[in-house]
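I opened my notebook today to look around a protein model and jot down what I found. Come along and follow the entries with the structure beside you.

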Amino acid sequence: MPTPHIEAKNKNEIAKTVLMPGDPLRAKFIADTFLEDVKQFNGVRNVLGYTGTYKGRRISVMASGMGMPSIGIYSYELYKFYDVENIIRIGSCGGYTPDVKLYDVILAKDAWSESSYAKVQGGYESDTIEGTPELNQRLVKYANELGIPMHIERIHSSDVFYRQNFEEYKEIYNKYGCVAVEMEAFSLFHNAKVLGKKAACLLTVSDNLETKEETTSEERQNAFTNMMKIALEMAE
Ligand code: HPA
């Protein structure tokens with residue numbers, strides 16, 4: 001304490017529940033827009049982390065960076081060295097089917113991946129890992145209370161954003177049933193599993209590979225508040 005990547009000196013600077021967007025500026029946006037009594041606890045590599053209160057309940061928000069190696073490092077340190085119990089990834093994803101429309105919210109029931117992360121980290125051989133059912137149940141309840149519709153589906157966690165063969169997503173959809181692609185959930189879910197912690201992943205559709213629709217970065221900021229509001233209800 002501190003760790004190689006997080007400068008908080010004490011465990012109590014970070015709440016038991018941490019929301020993790022990929023982008024540091026989105027972490028700042030959430031802290032600025034939704035939290036009160038905010039204190040910044042991390043700035044190493046500009047991976048911004050904040051703790052504050054939401055409706056009087058404590059919660060933290062910290063960026064994960066992009067990709068499984070990056071969220072793998074930050075989530076491991078939060079769980080293992082700062083006694084964080086719950087991490088909710090809140091990110092964007094690319095839809096693999098027209099069933100998931102731009103700005104729709106998806107709760108990842110589980111993540112399928114061809115990544116070696118779980119095998120290398122802990123000898124885990126399967127290519128699919130679940131989010132924590134208990135957190136998912138809570139998120140479903142909060143989404144219902146807020147009147148925000150949500151898909152509950154399998155997603156693809158990919159190591160590659162730019163594939164040489166763009167069409168490969170069709171097979172991943174048909175064979176494994178992944179409705180959308182992102183790049184972090186599989187390693188987050190694995191870390192939670194091996195450390196006896198809890199993890200969930202909420203996504204907002206930012207583009208669709210099948211219909212070729214996409215959002216601008218400004219549009220995203222606003223539309224993503226639905227997902228943020230669901231996740232913020234995890235504050236305790
Ligand atoms: N691929 C991977 N990750 C993503 C995408 C995508 O198309 N869109 C948003 N996150």
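**Entry 1: strands side by side**

I started with β8 and strand β9 (residues 180-182), which pair in the parallel sense over two bridges. I kept in mind that this is a predicted model. To see one contact, I looked up H156 and found V181 in β9 as its bridge partner. Next I followed the chain from β8 to β9: the path goes through helix α5 (residues 168-176), and this β-α-β crossover is right-handed.

I then checked another neighbour of β8. Strand β6 (residues 105-112) pairs with strand β8 (residues 150-157) in the parallel sense, over seven bridges. Here V105 has M150 in β8 as its bridge partner.

**Entry 2: following β5**

Which strands pair with β5, and in which sense? I found β1 running parallel to β5, with four bridges between them. M20 is matched with R89 in β5. With β10 the pairing is again parallel, and 10 bridges join the two strands. I picked out I88, whose bridge partner in β10 is A200. With β9 the sense is antiparallel, over two bridges. In that pairing I saw G95 standing opposite A180 in β9.

Is β5 largely enclosed or open? I counted on burial to tell me: nine of its 10 residues are buried, so β5 is largely enclosed by the rest of the structure.

**Entry 3: the largest pocket**

I looked up the largest pocket and noted a volume of about 900 Å³. Its lining has 37 residues, and the closest to the centre are S92, F161, M183, S206 and D207. Then I asked which elements give two or more residues to this lining. They are α1, β5, β9, β10 (198-208) and α7 (217-223). My strand from the previous entry turned up again: β5 gives the most, with six residues. Sorting the lining by type, I wrote down 15 nonpolar, 11 polar and 11 charged residues.

**Entry 4: salt bridges**

How many salt bridges does a search of the whole structure find? The search gives 15. I looked at a few of them one by one.

- D83 and K11 meet through their side chains, at 3.3 Å from N to O. D83 sits in the loop between α2 (68-81) and β5 (86-95), while K11 is in the segment before β1 (17-20), so this pair ties together parts that are 72 residues apart in sequence. D83 is partly exposed at 28% relative accessibility, and K11 is partly exposed too, with a relative accessible area of 39%.
- D32 pairs with K28, and their closest N and O atoms are 2.8 Å apart. Both are in helix α1 (residues 24-34), four residues apart, which is about one turn of the helix. I noted D32 as exposed, at 54% relative accessibility, and K28 as partly exposed, with a relative accessible area of 34%.
- E167 forms a salt bridge with K170, with 2.6 Å between the closest N and O atoms. Both partners count as partly exposed: E167 has 42% relative accessibility, and K170 has 34%.

My last look-up was a group rather than a pair. K55, R57 and E233 are joined into one network by salt bridges that share partners.

Conventions: Residues numbered from 1 in each chain as written. Predicted model: local features only at pLDDT ≥ 70, side-chain atom pairs only at ≥ 80, totals over all residues. Heavy atoms only, no water. Salt bridge = Lys/Arg side-chain N within 4 Å of Asp/Glu carboxyl O. Buried < 20%, exposed > 50% of the residue type's maximum accessible area, 1.4 Å probe, protein only. Pairing = 2+ DSSP bridges. Right-handed = clockwise from strand over helix to strand, strands pointing away. 1 Å grid on protein atoms, 1.4 Å probe; cavity = no way out; pocket = protein on both sides within 12 Å on 5 of 7 lines; lining within 4 Å. Points joined across faces, edges and corners; volume = space filled by probe spheres on them. Nonpolar A, V, L, I, M, F, W, Y, C, P; charged D, E, K, R; others polar.
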